[in-house]
Each structure stands twice: as C-alpha cells, then as structure tokens.
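Dear colleague,

Please find the structure below, passed on for your consideration. A short account of what was found in it follows.

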Amino acid sequence: MSKTQSDFEFSPSAETVPDWMLELDQVGIVRRMLMARKWYGGDWWFVVFSALLLLFVIIVGFFPQWFAPHDPRAEVGPSLLAPGEPPSSYVLVTTVDSGVTSLRQIADSSNYIGYQVATPSSQALRDALDELNATAEEGVRYQPRPKRFETLEEGLDALQAGEVDGFVASPQELEGVMENYPALEVASGLREAAESGFVLGTNQIGQDILSRIIWGTRIALIVGLSSALFALVIGVPLGLISAYVGGSLDRVLTLIMDSLYAFPGLILAISIAAVLGAGITNIIIAIAVLYIPTYFRIVRGQVLSVKEELYIEAAQSLGAKSRTILWRYIFPNVIPSVVIIFSVNVADAILTEAGLSFLGFGLPPDTPDWGIDLARGQDYVRRAWWLITFPGLMVTMVTLAFSMLGESLSEILNPRLSEL
Amino acid sequence: MSASFRNFLITRLLLTIPMVLILITFVFFIMRILPGDPIRSQLGPRVSAEQADRIAERLGLNRPLYVQYFDFLWKTVTLDFGTALTQGERPIIQELGEKLPATIELTVPAMTFTAVVGIGLGAYAATRRKKPIDFGIRLFSIIVYSIPIFFMGLIFQIIFSVRLNLLPLAGRMDPLLLINFNSITNFYILDAILTRNWAALVSALRHLILPATTLGLALAGVFIRLTRVNMIEMLHADFITAGRARGIPEGRLAYRHALRNTFIPILTLIGLQLAILMAGAVLTETTFSWPGIGRYLVTRIQLRDYTAVQSTIAVFAVFVAGISLAMDVLYAFIDPRIRY
C-alpha cells in the first residue's frame, strides 16, 4: 500500500470527525477503552454483562471448592437422580408394636427385610445399606436378609404376619393401601441422614452434576487461557519477524501458516491429541497449534501496513536497531487486534476442548470436564436430559462471555464501523 | 479467458500443491515421530516380538522413514491407500468411497441452510440497524456461535426425538428399510430417487433434518455477522447514495443493489467456512451416529489405524484445498479486481 493513498483515505477534516475520535488517536489502550463512548446505543450493556459473567466464571474457576457442595469425583448419591429429586423417597414400614424404628435395628440383628421385586426399591435399599455400612464401626457389616415379594400387598401381609421385620416401599405406593393394615406404620425414612436432593441431579454413577460442572470451570479456563496464551506467545513474534524481515523466510512461514489455517482445526487437534495421549498439557499444546496461524496472519498483515510509515523510516534513519523498531515502534500497533483475537480465541479454545473431550481425545476419563460429561451423557439421552443440559449450558455460557467480550472490544478498539 | 485470469489460475493452482504437501507431511511425521508404536498400540502388548516384526515388514514399517514418506506421497498421488489395519482390513479407498457420500449428503444441505439463514438474517439486520431487531439478530448470532455443535445436536435429539417423538434419533435411514435398500452411489437420497423407493426417500430425508439443521445453524452465526457488517458498509457506499437520490425505493436498494455486491465477500467466507464445516461435520456425525468420513476418522484414530488415518487426512486436505481453490477462482472470475 502506498503512503499517498493511505494518507488520502485517512485525512479527516475536523468537521467530519468527532472530537472524541481525534482524542482517541492520542491515548493508550486503557484510556481508549475508558473513553470510548461507543458504549452508548445498547452496546454498553453488552460489555457490562459479559464482564460480570466473566468475573463470575473466573471466581468459580479459581475457587471451585467454595461453590461445589460435593467432591466432583465422589459417588455421593444414587445414580441418575433427576434435578431436585430427593435421593431416597423410600420409607421403612414396620409393625406398630415391634418397636423397630430404623433400618439399622433390622440390619443389626440380621433380620429379614422385604421389598417388591422389579421396582427401584431394591436399589434404594442397597443405597441405604451402603450408607449405613459407610458410617459403621470397623469390622461391622450390616447385612439384613432380603426377601422379595411379587406385589406390595403380599409383602405387607407378610410383614403383618411377622415373616419379615420391615418392608421397603415408596410413599406413593403406600398411599391408600396403608389403611387396610392398621397394625403397620411408616417407621422412618429409609436413610438415616436425610439428605436434601441434588440441585442438578446426579449422573449414572451417582456423582453430583452441580459439583462436576463447577470443577469443570477450572479445567475449561485453564485450557482456554493457556492455549490461547501459548498460541499468542508463539504466533505474535513469528508474525512480527516474518513481516519485518520479509523475503523467503516470510514466504515459507506464510505458506505453512496458511496451510494450517485452511485445514479443519478440530481434525488437526484430534490427530495431535491422539498421538500425544490424554493429559491437560497435551490438550493445551494440541489446541494452541491451531491458533498460532490466527495471530501470525493478523500481526503480519498489520506489520506490513505499518512498516512503510514515515515514523518507522525516521527511526531507521536515526539508527535504531531492528529489535527496537519491532518492539517499540511496530508492536504497539498490533496490541488492540491481539487483545481482540485473544478473547475470541479463548472462547474458541474452550469449544475445541469440549469437542475434543466429547470425542474422547481430551482428558483422563474421570476428570470433571464438561466435554467428558456431555460424552457420557450421550448414552443416556433418552433417560436423563440433565446429564447433557447442564454441562452444555456451562460451555455455552463461558464461550458466550468470552465472545461477547471480544465483540465489544472490537467495537471499542476499532470504531470504524460504528461510525458509518 | 484473459491472460491475467489465466495467470491467476496457474499461480493459484501452483500454490495449492505445497499447501496439500505441507499438511500431508505434517500428519505423516506427527503420526510417526511422536511416541507410540503403531503395531503394539493396535494389537496390544501380548504380541510377540517376532510377530510384530513380521507385521512391520508386511506394512513396510521397518524401512527408513524417508522411504516410507515418499512411498506414502506416491500412494496418495495414485490414490492407492492400501488396506486398513483394523476392522476387516478392507481397502481404504473403498471405505472412503462409502463414507464420503454420507458426509457430502450431510454438509451440502447444512451449507445451504447456513447460506439462506445467515445471509437472510444478516442482510435484514443491516437494513434495521440499531433497532431492537438488529440487536436481537446479533445476539442470536453470538449465541449460536457459542453453543457447542454437539450440545445443540443433543438438545435437538432430546426435544424432537425423545420428547416429541417427531424425528429419528440417529443414523441415516431406518434400519428396517436399509435391509432392502439398494444403494448405488451411497448418496441415499439420490439412490432412493433412482430406485423409486419413496419410503426410503422419506426416511432418509427425515433422518437428515436434525443433523443438517444442527450443522447449518452452528455455522450461521459467523455468516450473519459477516453479511451484516459487509452490508452496512455497502449501504453507505456512494452508489447506494446515488440510487437513493434518484428515488429508488429503499427495499430495492438494499436487496437488489447492496446485497448483490455483498455476495463477493460472502463467497470468500464460504470457502473459509469449509474448514469449520468439516470440523463441525466430525462432531455432528458423532452426535447423530452419521456414518460419514468424520466419524470414520475418529474411530480409526481411536484404533490407531495409521494407514487409514493418514489417508483420510490426505483426502481431507485435498478436498479442502480443492474447494478453497475453486472458491478463489470463482471469486476472481466474478470480481476482476483481485486477479493479482
């Protein structure tokens, strides 16, 4: 691009350009952001909203232990519990005059406990016993003898006759039936520790979804931020040097970067991740490789247009070293674009990471990670919508926050379009 | 054909070759140099050293790396990919011939959806600039961009297949129909029409709706944004002002004059979007169990089937480079200014 042409294009007279825009040209990036009054007209709440969202996400990502009610890896509840559903709504039915009030008493004396076959009550009983055994003293193991019944009535009859010492059933089943058995009563809940439900439910192995998505924030932020940073640290200097030096180095680098850029990123990341194996560092490397060309291309393009400016020539003729010119005179010009790309890249990297994990190339299988949770949830798409919905919403929310930040930053830092 | 156009064509064609070469080389060395023995990772640790050697010899893995590299390059050029190492050990070219049509059948409707929705909404937002509808469309485009494509697919499955039971959950066709389905080209829709199998056609179309919409919607976000930005710029161009001065109605100005000129940058975008489309296809195919090339690649990578993976990526590279070449040529053909 020739100088005369660019001078001609950007020679605004004082009447056509508002004062604030002229002021903007004189200040640094932080002041520019604060002064940019392009936040009016609806855009400002874009910025506020995304900034608040990001702040929240970052706090959660840094201190997941403050927010997560459970250990994300621990199997804390029954499997596939819907959001808000209490862990066990099952109750223990006993005879009024037996004096038995809890499962522990029945289990203590290895007596019989009845339940209806082919209902969730067997699982409820097993869960309750697991809980009981977990709190038991060393060496003690509660094992009441189970007795299966075909129907609810059969079981209750047996209880009344004294064949079993307790019967497991849900309140819904017992509704209207209990009146026929005056000698029976609902003694207690099946579980001793009456837990409230899991806010977002549990997954197929009984892990708390809420805790998992909260801990997943940390992984997403680590991978997103470090891979974008890694790509920046490599891509920006390469772009600077390539454009400044020019010649065959520039041609070779541009060709390589263009090839990488044109190729489907996810597929490259899959190949790299598959070869490197599971692990957070490997994922970061695999994703960072994808974004190096993005920085390279933008920085290179900008340097090429800045390189011919008069002030660079002046610095050169005054004998400034190449390094000084690159870092002190050229680099500041590319900072705004790099900031925008960084923000958008973080969003993209989080999406890519989720995609990699979803395909099974990401992190070790037990990591609390949104992509892994989504992949596991896919098997239960017919039965448990909450396994998919909540981790998916988290990915969307965090990506949205970073993209909106990038969007508003680009409106503020490149106000050209907003003026039209 | 003018001389400048011919020169452009030749230069562009010559630039495509190193691009494909770089990608193929990259993948080849990444698969070989990095740790992991291809034979042991496939057959497990129980294979004896003797057996491993024999297999290595059969596959030519015991030759020097550079010999293998040139051999691979030559085989790629001649489309002789050899046989897959796993799952039936069928010729790779035959497998790709089955999978590629499935991917094309998915991506073409998706891309059409993207173009219609993206350009339509983007142009509309540009004409309603700074009005609530513009803001809404912009927000929609960012949200659509931020939703992981597989999440969108899973949500569609939950809503339309599981809850409403309107559309099939996954696959390309009803398995019962597939038994008697005579596939000639592996493009199921085309085959169904050719064989006049209307039940199969309906089934294939019903299976296509969810994956194609998912993929199309995911890509529409970028399209809306770029159409809107370009259209706004175009609406402020001098020729529009001139048209307005002559009293041409605003709607006609926007959609006949401005939008037409916006198509040129959008065309480039379609070329660039191809990379995203392919990545999206991998995820969509996995979500909807669509037996395309993306899912093939993923399963083969998981099986560490080196020959299949290399060949598939080579095909991807050629495909992407070919389309981007075609787009550039088309672009130059439409807009003479960029023939450099």
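**Findings**

Helix α11(B) is followed by G247(B), which has a positive phi, near 90°. This is a predicted model, and the remarks here should be read accordingly. The helix before that glycine, α11 of chain B (residues 238-245), has 8 residues, of which the number buried is 0, so the helix lies largely in the open.

Helix α16 of chain A (residues 370-378) is, by its own count, mostly covered, with 7 of its 9 residues buried. Among these buried residues are W370(A), I372(A) and L374(A). Their packing partners are α10 (209-245), α15 (322-359) and α17 (386-413) of chain A, together with α7 (149-163) of chain B.

The packing of α15(A) with α16(A) may be described further. The two helices pack at an angle of about 40°, and their axes are 7 Å apart. They are therefore oblique to each other, and α15(A) passes α16(A) in a right-handed crossing. On the α15(A) side the contact is made by residues including E353(A), L356(A) and F358(A), and on the α16(A) side by residues including W370(A) and A375(A). By type, the residues of this contact divide into 7 nonpolar, 3 polar and 1 charged.

Lastly, the contact between the chains takes 41 residues from chain A and 43 residues from chain B. On the side of chain A that touches chain B, α11 (247-262), α12 (265-276), α15, α16 and α17 each supply at least two residues. The residues of that side comprise 26 nonpolar, 12 polar and 3 charged.

Yours sincerely

Terms used
Residues numbered from 1 in each chain as written. Chains lettered and ligands numbered in written order. Predicted model: local features only at pLDDT ≥ 70, side-chain atom pairs only at ≥ 80, totals over all residues. Buried ≥ 20, exposed ≤ 12 C-beta atoms within 10 Å, placed from the backbone. Helix = DSSP H or I, 4+ residues; strand = E, 2+ residues; numbered from the N terminus. Contact = placed C-beta atoms within 7 Å. Nonpolar A, V, L, I, M, F, W, Y, C, P; charged D, E, K, R; others polar. Axes fitted to C-alpha atoms, helices over the stretch in contact; angles between N-to-C directions. Parallel < 35°, antiparallel > 145°, perpendicular 65-115°, else oblique. Left-handed = near helix turned anticlockwise from the far one by under 90°.
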